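Morning, everyone. I have a few minutes on one structure, so let's put it on the screen.

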Amino acid sequence: MHDADIKACEEVIKMATVAESKWEIKVPDKPLKDKVYFENLKSVVIDTEICSRCLTCASVCPGGITVVGDKVDFPDYETKCLDCGACVRVCPRFVYEPLSGMGPSTAFIAGRSKRFAGQDGAMVTELIVSAMEMGIIDRGLFAGRNENWETEMFHVRDPEQLAITTLSGTKYTFADVLPELKKAVKFTKNGVGVVGTPCIVSGVRKLQQEYPIFREKIKLVVGLFCTENFHYSAISQYLRDKGVDFSKLVKTDITMGKFIATMTDNEVKFKVKALEEILPSGCNVCCDFTAVEADVSVGSVGSVPGFSTISVREPIAQKILDYIKKQGYAEFGEGDPGQLGFLVGHKKKRAENLKK
Amino acid sequence: MKKVTVQDQGVVEKAKCHAAAIGVAMKESVYPLTATVQYPRQRKKMPDNFRGYILFDPDKCINCWECAFVCPANAIRMKEAPNKKYYPTIDYGKCIFCHFCIDSCTDGALRTTKIHDVAYKDMDEMVTLTEEMIEPPEIVREDTKLVEYLIDDKDLQMKKTREVDNLFVDEVPPSVEIPVVSQCIDGASCIGCHVCEYVCGSGAISSSIANGVMNMAIDTDMCTGCGLCVKECTMQILKLVRK
Ligand SMILES: Cc1cc2nc3c(=O)[nH]c(=O)nc-3n(C[C@H](O)[C@H](O)[C@H](O)COP(=O)(O)OP(=O)(O)OC[C@H]3O[C@@H](n4cnc5c(N)ncnc54)[C@H](O)[C@@H]3O)c2cc1C
Ligand code: SF4
Ligand code: SF4
Ligand code: SF4
Ligand code: SF4
Ligand code: SF4
């Protein structure tokens, strides 16, 4: 027999030994006792406007939590909610204790990939692809986009897929990362790598905390620095009003307090502060700038232009960075944590909005 | 290089072999018997478990979709029938006749025939709808003889009988039954949605809540091993295991 066959057999035997015909599930508390869990989630998180739209709830809901307009909703919950409580178990904001600050960090560096082009130094892409090469994961989830700049999720299983250049780079609209992560967990053999804003990272951690299946299968969590994100309808309308032609748009970026939309023939620039009127209510109560719960966090601020700032938190991320260094896939430099001070402080202050 | 030496068989043995060869040559010249079946005038006798055209019995189908899932060629598509149930359709342009679908069908709704000669005008016609799978397809029968190969340790012979074979297998040859039951392989990842309980037609799965804990149980005596719950489980944590 081939080694692979033997391994497969062992796997089957292992599975057979853990199989059980009786098991227990913890039933979460209900603040509104006589209502189904979705109504509890709705009254605690959605109606209070603290929902981050991370879609952790939608990723586990067997009934049908989705996004309606800009809001997370479950239109026919009265007949379709199975009242299982999974949504409130995983929602990072059902019992919301906002995280903030720089978080733990074992190394704070700057990097630029020599292989890929990205938003800054393409180190997010480099980390995922290198983890794939090392065999740590067999797929990475990327938020790509269509020609109207609506986000679309992609399972990258081969670096060649990155020939689709729209997979890297920042999209300032929400992406349905977590519902796709559930699918990835179902299909993966080795493990999954996932990239997301701090709210998505918190959702991933919640899923892992509650259900072993996510602990086992999600091997790499890359966080992105994030001040805010936007609802597609709002930001696209805003940009159109500012004269942005989506068919010519190649890059969107926020640097030095300015939103810059680069088109093939033109550039539209304005102060980010102007976007406050369309700031999603969930972001308005979010205090986490650096994705403190991620294995590694990557951002733009904290390094020279063209480089990504990398805050290493877990050994797995260091191992991948060592591999990147050894292979000569990227050049590295110093990161300056001091530069993050302003944005970290700015987001910490949003805890006050929570009280309102 | 090594020289290969042929063992000397002796004069008597050599003479015997020559005589046998001359005998066969003479027999062939008088009564030629080729190894080829003269299809379509003759038809080869196929074993009862021959992997041929597939028939379907909707009354036996439990709508588990197992056939569509197992098909390695992606030839099976489930289509909604007027009774709101989903039944298989087979694209014979894709089917590789592995009959995994038949093997996977728990209730014998799919069964084989010895038909291997259906002709189509185009690819579209090869997509066989459920209703076309219930009755056998129309084929032209020109055969008058049934050919059987008889193989013994010395020779291969063809036995031809004036007979028209029945291409339908009424009694499916018994296969080795491996009793399986559904089991949970990761109880801690269960979200307690009861989907498994709702889909189980044998009432083998039960749940109860006590002291803030939900208890789930599969009754292995009641479970028929149909696999519906395994397919539907929200977290994909149920597996069929040997009883
Ligand atoms: C909404 C948002 C706000 C941000 N705000 C800041 C900020 O204020 N300050 C700062 O320094 N950095 C911010 N960043 C991070 C920064 O824009 C870059 O993403 C980061 O520096 C990584 O660059 P890179 O070249 O290494 O990544 P790349 O190699 O270009 O990879 C980018 C990765 O981000 C993923 N991605 C893109 N858009 C989204 C999205 N909407 N949701 C989930 N994943 C996505 C892509 O799938 C890809 O994997 C923000 C990112 C986002 C998505
Ligand atoms: S079905 Fe379960 S996860 Fe979905 S809304 Fe209802 S209680 Fe929440
Ligand atoms: S914060 Fe996330 S998990 Fe909670 S309700 Fe909103 S989208 Fe769902
Ligand atoms: S600010 Fe960023 S991390 Fe916080 S809720 Fe909004 S998108 Fe998520
Ligand atoms: S496999 Fe057993 S428990 Fe599952 S649906 Fe079928 S009979 Fe019920
Ligand atoms: S379908 Fe799966 S997740 Fe839902 S209760 Fe049954 S075993 Fe648990």
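Let me start with a question: does Lys14(B) count as buried, partly exposed or exposed? Lys14(B) has 43% relative accessibility, so it counts as partly exposed. One caution before I go on: this is a predicted model.

Why begin with Lys14(B)? The side chain of Lys14(B) meets that of Asp8(B) in a salt bridge, with 3.8 Å from N to O. Asp8(B) sits at 63% relative accessibility, so that partner counts as exposed. The cut-off for exposed is over 50%.

Now a pair in another setting. Asp165(B) and Lys114(B) form a salt bridge too, and their closest N and O atoms are 3.9 Å apart. This pair links distant parts of the chain, with the two positions 51 residues apart. Asp165(B) lies in the loop between β8 (156–162) and β9 (180–184) of chain B. Lys114(B) lies in the loop between β5 (110–112) and α4 (123–126) of chain B. How accessible are they? Asp165(B) has 9% relative accessibility, so it counts as buried. Lys114(B) has 5%, and it counts as buried as well. Under 20% is the cut-off for that.

Third pair. Asp143(B) forms a salt bridge with Arg141(B), and here the closest N and O atoms are 2.8 Å apart. Asp143(B) counts as buried, because its relative accessibility is 6%. Arg141(B), at 32%, counts as partly exposed. Which residues belong to the network around this pair? Shared partners join Arg43(B), Asp117(B), Arg141(B) and Asp143(B) into one network of salt bridges. Over all chains, the search of the whole structure finds 25 salt bridges.

On to the interface. How many salt bridges run between chain B and chain A? Zero. There are seven residue pairs in polar contact, counting pairs with both residues at pLDDT 80 or more. On the chain B side, the elements that each supply at least two residues are β9, α6 (195–199), β11 (213–218) and β12 (238–242). β11(B) gives the largest share, six residues. By class, that side of chain B divides into 18 nonpolar, nine polar and two charged residues. In contact terms, 29 residues of chain B touch 25 residues of chain A. The two chains bury about 2300 Å² between them, and 66% of that is on carbon and sulfur atoms.

Last topic: two ligand shells, both lined by chain A. Ligand 3 first. The residues around ligand 3 include Cys51(A), Cys54(A), Cys57(A) and Cys91(A). Leu41(A), Val45(A), Leu55(A), Val72(A) and Pro92(A) are also in that shell, and so are Ser52(A), Arg53(A) and Thr56(A). Two elements of chain A give two or more residues each: α2 (37–46) and α3 (56–60). The class split for ligand 3 is nine nonpolar, two polar and one charged.

Now ligand 4. Its surroundings include Cys199(A), Cys226(A), Cys283(A) and Cys286(A). Arg93(A), Glu228(A) and Lys347(A) are there as well, along with Phe174(A), Pro198(A), Thr227(A) and Asn229(A). How does the shell around ligand 4 divide by class? Six nonpolar, three polar and three charged residues. One residue to keep in view is Ser52(A), listed around ligand 3 and also around ligand 4.

That's my tour. Questions, please.

Definitions and conventions
Residues numbered from 1 in each chain as written. Chains lettered and ligands numbered in written order. Predicted model: local features only at pLDDT ≥ 70, side-chain atom pairs only at ≥ 80, totals over all residues. Heavy atoms only, no water. Near = heavy atom within 4 Å. Helix = DSSP H or I, 4+ residues; strand = E, 2+ residues; numbered from the N terminus. Nonpolar A, V, L, I, M, F, W, Y, C, P; charged D, E, K, R; others polar. Salt bridge = Lys/Arg side-chain N within 4 Å of Asp/Glu carboxyl O. Buried < 20%, exposed > 50% of the residue type's maximum accessible area, 1.4 Å probe, protein only. Contact = heavy atoms within 4.5 Å. Buried area = accessible area lost by both parts, 1.4 Å probe. Polar contact = N/O pair within 3.5 Å; in protein donor to acceptor, adjacent residues only side chain to side chain.
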